[in-house]
Amino acid sequence: MKKILTILMFAAAFGLVIGCASAAVDLTDHDFDGHFSMKVPKNATFKLTDADNGIFGSGDSYHDSVNNLSATYLMSADVNDSFVDKYVNQFKDKGADVSKKGDLNIIDGHGINVIMFQKDGELLMIESTQLDMDTLTTMAESVKF
């Protein structure tokens, strides 16, 4: 009985390792109309959508329905730390867990993962209900404006 239990536990642990390894998302470089570039899932098919009614009121928003992933880009003289903090605080007020890693604002909205990245008047918000936070962080860390 102990031998069978040991074999089952080993098989379960092996399955977890294989499952986690296969969950990794294969990323490739993608250019977003010259605004910025970043690593995205290889199977991503981004379409430019109208962001005028989005969270920022303007900007360019790209949506990938394969990975339920959006990237919203805004360049404005109004983009600064207090501008970003305003939106981060809105997420906090709605119960999201917020942390900071360097220039990244990492927001776990309990069902939606969001990363906001601001630099020199340019802002990028990446959000997905499908991709995990580690994948979004890797993508955000690869951003080139």
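**Close-up 1. Helix α3 and its buried residues in the predicted model.** Helix α3 spans residues 133–141. Its buried residues are Met-133, Thr-135, Leu-136, Thr-137, Met-139 and Ala-140. An α-helix has 3.6 residues a turn, so residues three or four places apart point the same way. Asp-132 sits at the start of the helix. There, a side-chain oxygen of Asp-132 comes within 3.0 Å of the backbone nitrogen of Asp-134. Glu-141, in contrast to the buried set, is partly exposed, with a relative accessible area of 47%.

**Close-up 2. The largest nonpolar core.** This core holds 23 residues. Phe-36, Met-38, Leu-124, Ile-126 and Met-139 have the most contacts inside it. Several elements contribute: β1, β2, β5 (69–75), β7, β8, β9 and α3 each supply at least two residues. Helix α3 gives the largest share, four residues. Nonpolar side chains tend to be buried together in soluble globular proteins.

**Close-up 3. The surroundings of Leu-124.** Leaving aside residues up to four places away in sequence, Leu-124 touches Phe-36, Met-38, Ala-71, Thr-72, Tyr-73, Ile-115, Met-116, Phe-117, Val-143 and Phe-145. Leu-124 is also among the residues with the most contacts inside the 23-residue core. A second, separate core has 13 residues. Val-88, Ile-107, Val-114 and Met-116 are included in that second core.

**Close-up 4. Aromatic pairs around Phe-36.** The structure has eight aromatic pairs. The rings of Phe-32 and Phe-36 are stacked, because their centres lie 4.4 Å apart and their planes meet at 10°. Both of these phenylalanines are buried. Phe-36 also pairs with Tyr-62: the centres are 6.3 Å apart and the planes stand at 75°, so this pair is edge-to-face. Phe-36 belongs to strand β2 (residues 36–41) and Tyr-62 to strand β4 (residues 60–64), so the contact ties together parts 26 residues apart in sequence. Tyr-62 is buried, as is Phe-36. Ring pairs join Phe-32, Phe-36, Phe-46, Tyr-62, Tyr-73, Phe-117 and Phe-145 into a cluster.

**Close-up 5. Strand β8 and its antiparallel partners, β7 and β9.** Strand β8 covers residues 113–119 and is mostly covered, with six of its seven residues buried. Strand β7 (residues 104–108) runs antiparallel to β8, and five bridges join the two. Asp-108 stands opposite Asn-113 of β8. Four residues lie between the strands of this β7–β8 hairpin, where His-110 takes a positive phi near 55°. Strand β9 (residues 122–128) is also antiparallel to β8, joined to β8 by seven bridges. Lys-119 has Glu-122 of β9 as its bridge partner. The β8–β9 hairpin has two residues between its strands, and Asp-120 adopts a positive phi near 50°. In a regular strand, side chains alternate between the two faces of the sheet.

**Close-up 6. Salt bridges at Lys-42 and Lys-39.** Three salt bridges are found in the whole structure. In one of them, the side chains of Lys-42 and Asp-26 meet at 3.5 Å, N to O. Lys-42 lies in the loop between β2 and β3 (46–50), and Asp-26 in the loop between α1 (2–22) and β1 (27–32), so the pair ties together parts 16 residues apart in sequence. Lys-42 is exposed, at 54% relative accessible area. Asp-26 is partly exposed, at 49%. A further salt bridge joins the side chains of Asp-29 and Lys-39 at 3.3 Å, N to O. Asp-29 is in strand β1 and Lys-39 in strand β2, so this pair ties together parts 10 residues apart in sequence. Asp-29 counts as exposed, with 56% relative accessibility. Lys-39 is partly exposed, with a relative accessible area of 31%.

**Close-up 7. A salt bridge from strand β6 to helix α3.** Lys-101 forms a salt bridge with Glu-141. Their closest N and O atoms are 3.0 Å apart. Lys-101 lies in strand β6 (residues 97–101) and Glu-141 in α3, so the pair ties together parts 40 residues apart in sequence. Lys-101 is partly exposed, with a relative accessible area of 44%. Side chains of opposite charge can pair when their charged atoms come close.

Terms used:
Residues numbered from 1 in each chain as written. Predicted model: local features only at pLDDT ≥ 70, side-chain atom pairs only at ≥ 80, totals over all residues. Heavy atoms only, no water. Buried < 20%, exposed > 50% of the residue type's maximum accessible area, 1.4 Å probe, protein only. Polar contact = N/O pair within 3.5 Å; in protein donor to acceptor, adjacent residues only side chain to side chain. Phe/Tyr/Trp six-rings, centres within 6.5 Å; stacked < 30°, edge-to-face > 60°. Salt bridge = Lys/Arg side-chain N within 4 Å of Asp/Glu carboxyl O. Pairing = 2+ DSSP bridges. Core = buried A, V, L, I, M, F, W, Y, C linked by side-chain atoms within 4.5 Å. Contact = heavy atoms within 4.5 Å.
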